[in-house]
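These are my notebook entries on a single protein chain. I went through burial, helix geometry, ring pairs and charge pairs in turn.

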Amino acid sequence: MISHKAFNLQQLIDRAYKPEDWMNHLNDDLLKFWNKPEITDIKDSLFPTYITNDGHVLPASKQDWPKEFVEAKKSSDTSGLVDEDNNYVRAHSRLTYAFGIAYHMTGKTEYLDICKKGAMELMNAMDGNYGMHVTQNSTTKEWDSDYRKRTSQDLAYGLTGLGMYYFLTHDKSVMFKILQLHDYIFNVYMDEKRGYLTWLPRFLKDNPEVQIVAQLDQLYAYMLMITPALPMPYAQKWRDDMKQITDILITQFYSEQYGFFWGVDSDAMSMNLGTDHTDFGHSVKTFWVILKVGELLNNVEYINFARPKIHRILLDAYIEKNGSWARRFDQNGNLDIDKEWWILAELDQAAEILSIHDPSYYRFLNNTHKYWFDVMTDHEHGEIWHMVDGATDKPVINYPKAHNWKTSLHS
């Protein structure tokens, strides 16, 4: 742990951003972007997935697209973020969750009403086989039809919005839908012989990817939130499932040599620095999730496994020069200092969790929060930039602020 002798803890606490700062951030930066009739006034459809950087629904005609979406389609790095023909259930679900958080923070029932609206549409997205659709055509409102193309991660995030609404209301009709979809995921994607949740349905022959997020996001997207709110015997069944997933994460994805998690565990080529999902964000997220599972299950081994490793990542990721977090180690073992919004959010969250019992972590947080407010936040139009160039502290234009992987969840 960081030595208490090196810091004046009271000064660190006094310098920390106050609750009113975060409430102002919610209202002035985040809800300003999302809480608009053109986004929330839906009927028999999902919330729109694509929002322009100035906070409006993306025009149907490409001739009217703003620069960020034009540039996104041109780049191979970002073209997959924009599938203008479809709205995405995961994006809708995350925005449903965000309005639940807004209600939880403010007590304003208008936000609970929007959360409920989103949750009811998620229930409509259930496909009749206890699974869930993952896209809806933005013009015809038809759902995707091929369940074989749905990933276990997408289904997990389909439960995020439903989970938040159930967390707030304990609506039993929603609870049973949640239980059905959770059982579907484990029945269709858990391969007991291989020992992990598959990316696509386990019976497909062409299913080579062994993704950490197929496991991790079951815990992160809904199970940690919902399990404490479930009645018995469901809660015990979910606790058992959480332990199974946590053991998979540790035994199949953890690298003792590097002290973090591989994003893909399928072959030697994928288990290298700089590869997809092998970054500070996924690793610190996995560690803090394991820590919280350990607390929930009273499993000291999980807690003792995760806590010191979170500390190590925070030390590796912190950039003293400007008080920000790095993104990952690149293939040569050098720090990638570019800023991807969700990675900064996960590192902050992990440090916040440790700071509850050890306020010396505000040595990091007082500076990284300032970077979040000063650099990552678009105070003019609202929301958080997806990517900021670490060398210039300027937004990278071909990453829109809202697309099929970025909505309001991490913000």
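**Entry 1: Trp288**

I looked up Trp288 first, and with a relative accessibility of 7% this residue counts as buried, since the cut-off for buried is under 20%. The model I am reading is predicted. Trp288 belongs to helix α11. I also took one long-range distance from Trp288: Asp64 is 224 residues away in sequence, and the C-alpha atoms of the two are 43 Å apart in space.

**Entry 2: whole chain**

I listed the secondary structure next and got 14 helices and 13 strands for the protein chain. I then checked the radius of gyration: a compact globule of 411 residues would have a value near 22 Å, and the chain has 21 Å, which agrees. The C-alpha trace spans about 60 × 50 × 45 Å along its principal axes. Of the 411 residues, 57% count as buried.

**Entry 3: helix α7**

I asked what span the 18 residues of helix α7 should have at 1.5 Å a residue. For residues 152-169 the expected figure is 26 Å, and the end C-alpha atoms are 26 Å apart, so the two agree. I then looked for a bend in α7 and found a kink of about 30°, centred on Gly161. As for cover, 15 of the 18 residues of α7 are buried, and I noted the helix as mostly covered. His170 follows α7, and its phi is positive, near 55°.

**Entry 4: aromatic pairs**

I searched the whole structure for aromatic pairs and the search returned 24. I opened the pair of Tyr50 and Phe69: the ring centres are 6.3 Å apart and the planes stand at 85°, so I recorded the pair as edge-to-face. Tyr50 sits in the loop between α3 (37-40) and α4 (67-74), while Phe69 sits in helix α4, so the pair ties together parts that are 19 residues apart in sequence. Both Tyr50 and Phe69 are buried.

I went back to Trp288 for another pair. With Tyr220 it forms an edge-to-face aromatic pair, at 5.9 Å centre to centre and 65° between the planes. Tyr220 is in helix α9 (residues 212-226) and Trp288 in helix α11 (residues 280-297), so to speak of sequence, this pair links distant parts of the chain, 68 residues apart. Tyr220 is buried, as is Trp288.

I also noted one aromatic cluster, made up of Tyr254, Phe261, Phe287 and Phe305.

**Entry 5: salt bridges**

Which residue does Asp41 form a salt bridge with? The search of the whole structure finds 21 salt bridges, and in one of them Asp41 pairs with Lys117, the closest N and O atoms being 4.0 Å apart. Asp41 lies in the loop between α3 and α4, and Lys117 in helix α6 (residues 109-124), so this bridge ties together parts 76 residues apart in sequence. Asp41 is exposed, with a relative accessible area of 54%, and Lys117 is partly exposed, at 30%.

I checked Arg194 next. Its salt bridge is with Asp191, with the closest N and O atoms 3.3 Å apart. Arg194 is partly exposed, with a relative accessible area of 35%, whereas Asp191 is buried, with 10%.

I then took the salt bridge of Lys401 with Asp378, where the closest N and O atoms are 2.6 Å apart. Lys401 is in the segment after β13 (394-395) and Asp378 in the loop between α14 (362-376) and β12 (387-389); the pair links distant parts of the chain, 23 residues apart. Lys401 counts as buried at 0% relative accessibility, and Asp378 counts as buried at 7%. I also logged a network: salt bridges that share partners join Arg327, Arg328, Asp336 and Glu340.

**Entry 6: charges over rings**

I stayed with Lys401 and looked for a ring beneath it. Lys401 lies over the face of Trp385, at 5.0 Å from the ring centre. I added Lys36 to this entry: its charged end sits over the ring of Phe33, 5.7 Å from the centre of that ring.

Methods: Residues numbered from 1 in each chain as written. Predicted model: local features only at pLDDT ≥ 70, side-chain atom pairs only at ≥ 80, totals over all residues. Heavy atoms only, no water. Helix = DSSP H or I, 4+ residues; strand = E, 2+ residues; numbered from the N terminus. Expected span 1.5 Å × (residues − 1). Bend = angle between axes of the 7 residues up to and from the residue. Buried < 20%, exposed > 50% of the residue type's maximum accessible area, 1.4 Å probe, protein only. Phe/Tyr/Trp six-rings, centres within 6.5 Å; stacked < 30°, edge-to-face > 60°. Lys NZ or Arg CZ within 6 Å of the ring centre and 35° of its normal. Salt bridge = Lys/Arg side-chain N within 4 Å of Asp/Glu carboxyl O. Rg over C-alpha atoms; globule rule 2.2 N^0.38 Å.
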